[in-house]
Amino acid sequence: MRHKNNVKQLNKSHSHRKAMFSNMVTSLFLHERIVTTKEKGKELKRISEKMITRAKKNLVLDEKSPEKKLHNIREIMKVIKDRGVVTKLFENIAPRFLTRNGGFTRIYLLGRRAGDAAEMAIVELVVREGKTEKTEKVSEDKKDKKKTKVNLKDKDKDKDKGKGKEKK
């Protein structure tokens, strides 16, 4: 029985699994979206959310405890070997999630892969860097379209009212 064994083994050795998830977390924070299998994605979500939480704690710590900040950075660097990605995590990604208490990543299921029929999924950060401006722009465009549709309907109704009066 597997009581209190939380790690999904994914049919890989410990060292292979550790290296694989290190690479996947690095890619996730670098590109903010990756495509992988469903089971790897679920495990990746657990790992990445813990790392974002640790990076968020660094933002809350005051300047009187630099050793705690350094400890958090070193703990993250055990998994992510690329210093550029670590700085991106602490300076760009963590501040975006400062008001959120959890749920920093989401998984979209894509269906089955053609070669081996493995279930595929997209794992992405909920708040992505370039998406906020575009979504605001799109929502404004939708509002404008709704207004124009309403205005056209009102004009059609006015025309219909005028025709009705002429017939009587």
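This passage describes salt bridges in a predicted model, together with the surroundings of one threonine.

Because the model is predicted, local features need pLDDT of at least 70 and side-chain atom pairs count only at pLDDT 80 or more, while totals for chains, interfaces and linings use all residues. Residues are numbered from 1 along each chain as its sequence is written, and side-chain values use heavy atoms, with hydrogens and water left out.

A search of the whole structure yields eleven salt bridges, a salt bridge being a side-chain nitrogen of Lys or Arg within 4 Å of a carboxyl oxygen of Asp or Glu. One of them joins the side chains of Glu32 and Arg96, with an N to O distance of 2.8 Å. This pair links distant parts of the chain, 64 residues apart: Glu32 lies in the loop between helix H1 (14-31) and strand E1 (33-37), and Arg96 belongs to helix H4 (residues 83-96). Helices (H or I, at least four residues) and strands (E, at least two) are DSSP runs, numbered from the N terminus. Glu32 counts as buried, at 4% relative accessibility; here buried means under 20% relative accessible area, exposed over 50%, and partly exposed in between (1.4 Å probe, protein chains only).

Another salt bridge pairs Glu75 with Lys78, whose closest N and O atoms are 3.1 Å apart. Within this pair, Glu75 is partly exposed at 25% relative accessibility, whereas Lys78 is exposed, with a relative accessible area of 51%.

Turning to the strands, the side chains of Glu124 and Arg106 meet in a salt bridge of 2.9 Å, N to O. The two residues again connect distant parts of the chain, with Glu124 in strand E3 (residues 119-125) and Arg106 in strand E2 (residues 105-112), 18 residues apart. Glu124 is buried, its relative accessible area being 3%, while Arg106 is partly exposed at 28%. Salt bridges with shared partners join Arg106 and Glu124 with Arg33 and Arg128 into one network.

Strand E2 also holds Thr105, a buried residue at 3% relative accessibility. The side chain of Thr105 makes a polar contact of 2.9 Å with the side chain of Glu49. A polar contact is a pair of N or O atoms within 3.5 Å; within protein, one must be able to donate a hydrogen and the other to accept it, and residues adjacent in sequence count only if both atoms are side-chain atoms. Leaving aside neighbours within four places in sequence, Thr105 is in contact (heavy atoms within 4.5 Å) with Leu28, Lys45, Ser48, Glu49, Glu124, Leu125 and Val126.
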